[in-house]
Amino acid sequence: MKVLRGNLHIHSDQSDGTLPVPEIAGIAQRCGLDFIGINDHYAVRQDHQYIGGVLVLMGTELNRRHSHYLAYNAPVQLPPDQQDGAVVVKAVRDCGGVGIIAHPFEKGSPVISRGRHYPWKNWAVRGFDGIEVWNLTSQWRDAVAGYVQALLMWLCNKYMPFYSGPCPEALAKWDELCQTGHVTGVAGSDLHAPQRRVLGITFRILDYPLLMSAVNNYVLVQELQGDARADACAVLGAFKRGRCWFAFDKLAPAREFSFVALGREEGTLGDVVQRRGSRVRLKVASPLPGRISVLRNGLPALAKEGQRLEANVAEPGVYRVEIKLRRRGRWLPWLYSNPLYVK
Ligand SMILES: [Zn+2]
Ligand SMILES: [Zn+2]
């Protein structure tokens, strides 16, 4: 299997982003990404393409006032603000697309856009494929309590808000959802890179290269064919199945990760593995030495410092991995895998 690294949830100048798609693809190439996901609001064109060797997944983002929904391979015809999450989930599912709930627990900032925020509202709905557990733009905005603090954060360390890891409420909701059926967890940058002019100097806030080198997704796919449509289907299929993880790449890239379970057969991320006798052997390989935790149904089950963790488990459940890296004496959130299921 091949590991591809990519950035999801990007806006271009086709909606409220600030650069055309080819320029965004060029930046992605320089950031070492294999693919990007463009999610302009109510985008009409959704034909995937290769630009400079980067696979560009052309999707859209549905809804405006709340319950934003990222969709791929879903040429849905809906009014521009459908609102009810159940309607957009059903529309994307009905046309065989892939749908991901965007920034579900966004809170907003009192000093940005008058506190506007766009959380997901209808949690009774089912049938979505994924949930954005980590949305970088939301996290940055949610962290801004005032102008002075925002300026300090911008000047000292633009990546500061990301050091706390994914949204805790989204992680908890993801763990809860996976106990009744698989839902893929992803990271999204929600790149817009708005332009501002201060003292005659024009600059972009949260610019494309900044967020594309912050947090990225890694997907496991079979060999690619070089055809954009076929390869996009392979990447989206891997996302849908949960064959992916995401990591805070600014700390370190996380390509060489694996999480497998050996039971009656061998399985990996997104798979269901039957116990052999009464147990399954779990094997985690981290790209770098760190603090490896295996969670079962959202609760800590196993932990070890190092680059490998191997253990037998007897309890069925939803198992996923988190890894922290030590930097300047602190353990920082780094890598989050999708779950595998022990039966
Ligand atoms: Zn949104
Ligand atoms: Zn967005």
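1. Donors, as the word is used in this note, are N, O and S atoms within 2.8 Å of the metal, and water is not among the atoms, so a site may look incomplete. The model is a predicted one, and the points below should be read with that in mind.

2. Overall fold. The chain holds seven helices and 20 strands. Its radius of gyration is 20 Å, which agrees with the value near 20 Å for a compact globule of 343 residues. The C-alpha trace spans about 70 × 50 × 40 Å along its principal axes. Of the 343 residues, 55% are buried. Contacts between residues at least 6 apart in sequence were also sorted by separation: 66% of these join residues at least 24 apart.

3. The zinc ion (ligand 1). Which protein atoms are its donors? They come from E61 (OE), H68 (ND1) and H103 (NE2), at 2.1 to 2.2 Å from the ion. Along the sequence, these donor residues follow the spacing E-x6-H-x34-H. The pair E61 and H103 links distant parts of the chain, with their positions 42 residues apart: E61 is in strand β4 (residues 54–62), while H103 is in the loop between β6 (98–101) and β7 (130–135). E61 is buried at 1% relative accessibility, and H103 is buried at 4%.

4. The second zinc ion. What does E61 bridge? E61 bridges the zinc ion (ligand 1) and the zinc ion (ligand 2), and the two ions lie 3.4 Å apart. The bridging residue E61 has a relative accessibility of 1%, which is under the 20% limit, so it counts as buried.

5. Salt bridges as a set. How many salt bridges does the count give? It comes to 15. Among the residues involved, R93, D129 and K240 are linked in a network. Three single pairs are described in the next points.

6. E176 and K173. The closest N and O atoms of this salt bridge are 3.4 Å apart. Both residues belong to helix α5 (residues 168–178), and because they are three residues apart there, about one helical turn separates them. Is each partner buried or exposed? E176 is partly exposed at 44% relative accessibility, whereas K173 is buried, with a relative accessible area of 15%.

7. D175 and R320. Here the closest N and O atoms are 2.7 Å apart. The pair links distant parts of the chain: D175 sits in helix α5 and R320 in strand β18 (residues 317–327), 145 residues apart. D175 counts as buried at 11% relative accessibility. R320 is buried too, its relative accessible area being 3%.

8. D271 and R241. Their side chains meet in a salt bridge of 2.8 Å, N to O. This pair also links distant parts of the chain, 30 residues apart: D271 lies in the loop between β14 (266–267) and β15 (272–273), and R241 is in helix α7 (residues 228–241). D271 counts as buried, with 12% relative accessibility. R241, by contrast, has a relative accessible area of 44% and is partly exposed.

9. The surroundings of L332. This residue is placed in strand β19 (residues 330–337). L332 is buried, with a relative accessible area of 4%. Which residues does L332 touch, leaving aside those up to four places away in sequence? They are Y163, L251, I323, K324, L325 and R327. In addition, L332 and F162 are 170 residues apart in sequence, and their C-alpha atoms are 9.7 Å apart in space.

10. The surface. The accessible surface of the chain comes to about 14900 Å², and 52% of that belongs to carbon and sulfur atoms. Which residues make the nonpolar surface patch of about 320 Å²? V198, L199 and F203 make it. F203 is located in strand β10 (residues 201–204). At 30% relative accessibility, F203 counts as partly exposed.

11. Points to carry forward. A reader opening the structure could start at E61, which is buried and bridges the two zinc ions. The D175 and R320 pair could come next, as it connects helix α5 with strand β18.

Conventions: Residues numbered from 1 in each chain as written. Chains lettered and ligands numbered in written order. Predicted model: local features only at pLDDT ≥ 70, side-chain atom pairs only at ≥ 80, totals over all residues. Heavy atoms only, no water. Salt bridge = Lys/Arg side-chain N within 4 Å of Asp/Glu carboxyl O. Helix = DSSP H or I, 4+ residues; strand = E, 2+ residues; numbered from the N terminus. Buried < 20%, exposed > 50% of the residue type's maximum accessible area, 1.4 Å probe, protein only. Contact = heavy atoms within 4.5 Å. Donors = N, O, S within 2.8 Å, 3.2 Å for Na, K, Ca; no water. Rg over C-alpha atoms; globule rule 2.2 N^0.38 Å. Areas by Shrake-Rupley, 256 points an atom, 1.4 Å probe, with all protein chains shown as cover. Patch = residues over 30% accessible without salt bridge, like charges linked within 9 Å, V, L, I, M, F, W, Y side chains within 5 Å.
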